Amino acid sequence: MKQYKKSFELKNTAKDKLEGKYGVTIRLFLLNALIIAVVHLIINSIATNTVGSIYSMTGSSGSASAMSYFFDFLSLVADVILGVMNAGVTLYFLKIACGQPFGVRDLFYGYKTDSRKLLLLSGAMLLCQTICLSPFQYLARNYLTTREDKWIFYALAAMLVGMCVYIPVSLGIAMSFYLALDFPQSSAKEILAQGWNIMKGQRGRLFYLELSFLPLMFLCLLSFGIGFLWLMPYMQMTYTYFFLDLMNPKETA
């Protein structure tokens, strides 16, 4: 019979492993966040200037809206490409957990090896999020535009339905990047299927683990977000040990 570690055991192991390494892991997350922020800042800046110019030249809100949707699509494509860095973050923490040499260059691992497969995995994960949460975002935007109360109820209903779908699906594919690194010979489709299979009966355990970080997240908000610099490496390391435990649980009689 397989025996998996409790959430507190995974978190304690992660905390011990990160001792003396918070500085380097924080730098990795800051670099990741900086790259994402710069790319989106450039896209948003170009989008604002372009949409404004089109509207001023044509006076057509339809043309401006069409161009705005184009930049929204461009932003999604950028998110898929940038999402490949999550494979690098995953590799970085796996190396720490396994006692292997690690470095900032690991962040860009996905762009050098199996980039097509990792792009597909990043796209699949983003597609799941987009399909489930876009209706809420669209309806919430309608409320901000019209200020009609009915859109609040529609948006809340869409969010409820979307989260009911998104949470179990996202939990089912949460280990995709770990599996892609562990089974480099497998295709993206095989990785998603394998991840879905190994998470059967484990999604509740992962969901509980994620909920256990909520009190710390609240404290981080009270610190004006500064605490997240330490919380993010802690969470990532805990998820890494969750995966290692998932793949190699203790066998009991």
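# Notebook: helix packing, core and loops

**Entry 1: H1 and H11.** I began with this pair and found that H1 and H11 are oblique to each other. I sorted angles as roughly parallel under 35 degrees, roughly antiparallel over 145, roughly perpendicular from 65 to 115, and oblique for the rest. Helix H1 covers residues 7-17 and helix H11 residues 228-247; they pack at an angle of about 120°, with their axes 8 Å apart. Axes here are lines fitted to C-alpha atoms, for helices over the stretch in contact, and angles run from 0 to 180 degrees between N-to-C directions.

I read the structure as a predicted model, in which local features need pLDDT of at least 70, side-chain atom pairs count only at pLDDT 80 or more, and totals for chains, interfaces and linings use all residues. Residues are numbered from 1 along each chain as its sequence is written, and side-chain values use heavy atoms, with hydrogens and water left out.

I then looked up the handedness: H1 passes H11 in a right-handed crossing. A crossing is right-handed if the near helix is turned clockwise from the far one by less than a right angle, and left-handed if anticlockwise. From H1, I listed Leu10, Lys11, Thr13, Ala14, Lys15 and Lys17, which meet Tyr234, Met237, Thr238, Tyr241, Phe242 and Asp245 in H11. Contact means heavy atoms within 4.5 Å. By class, I recorded six nonpolar, two polar and four charged residues where H1 touches H11. In this scheme Ala, Val, Leu, Ile, Met, Phe, Trp, Tyr, Cys and Pro are nonpolar, Asp, Glu, Lys and Arg are charged, and the others, Gly among them, are polar.

**Entry 2: the chain as a whole.** I counted eleven helices and two strands in the protein chain. Both kinds are DSSP runs numbered from the N terminus: helices are H or I with at least four residues, strands are E with at least two. From the N terminus on, the order is β-α-α-α-α-α-α-α-α-α-α-α-β. Along the principal axes, the C-alpha atoms fill a box of roughly 70 × 40 × 40 Å. Of the 253 residues, 36% are buried; buried means under 20% relative accessible area, exposed over 50%, and partly exposed in between, with a 1.4 Å probe and protein chains only. Among contacts with a separation of 6 or more, 76% join residues 24 or more positions apart.

**Entry 3: H5 and H6.** How are H5 and H6 oriented to each other? I found them roughly antiparallel. The axes of H5 and helix H6 (residues 150-172) come within 8 Å and cross at roughly 165°. Their crossing is left-handed. Residues making this contact include Cys128, Phe136 and Tyr143 of H5, and Trp151, Gly162 and Val169 of H6. By class, I noted 18 nonpolar, five polar and no charged residues in the contact of H5 with H6.

**Entry 4: the core.** Which residues touch the most other members of the largest nonpolar core? I listed Phe93, Met175, Leu206, Met237 and Phe242, out of 42 residues in that core. Such a core is a set of buried Ala, Val, Leu, Ile, Met, Phe, Trp, Tyr and Cys residues joined through side-chain atoms within 4.5 Å. Elements giving two or more residues to it include H1, helix H2 (22-58), helix H5 (115-146) and H11. I followed Met237 further: not counting residues up to four places away in sequence, Met237 touches Ala14, Lys17, Leu18, Phe93, Ile96 and Ala97.

**Entry 5: two residues of H4.** Thr90 is found in helix H4 (residues 85-97). Thr90 counts as buried because its relative accessibility is 4%. Leaving aside neighbours within four places in sequence, I found Thr90 in contact with Phe177, Tyr178, Leu181 and Gln236. Met85 also has its place in helix H4 and is buried, with a relative accessible area of 2%. With the same neighbours left aside, Met85 is in contact with Asn32, Ile35, Ile36, Leu107, Phe108 and Tyr111.

**Entry 6: loop residues.** Asp114 lies in the loop between H4 and H5. Its phi is near 55°, a positive value in a residue other than glycine. Is Asp114 buried, partly exposed or exposed? I recorded Asp114 as partly exposed, at a relative accessible area of 32%. Phe224, in the loop between helix H10 (214-222) and H11, has a phi near 60°, likewise positive in a residue other than glycine. Phe224 counts as exposed because its relative accessibility is 79%. Ser186, placed in the loop between H7 and H8, counts as buried at 12% relative accessibility.
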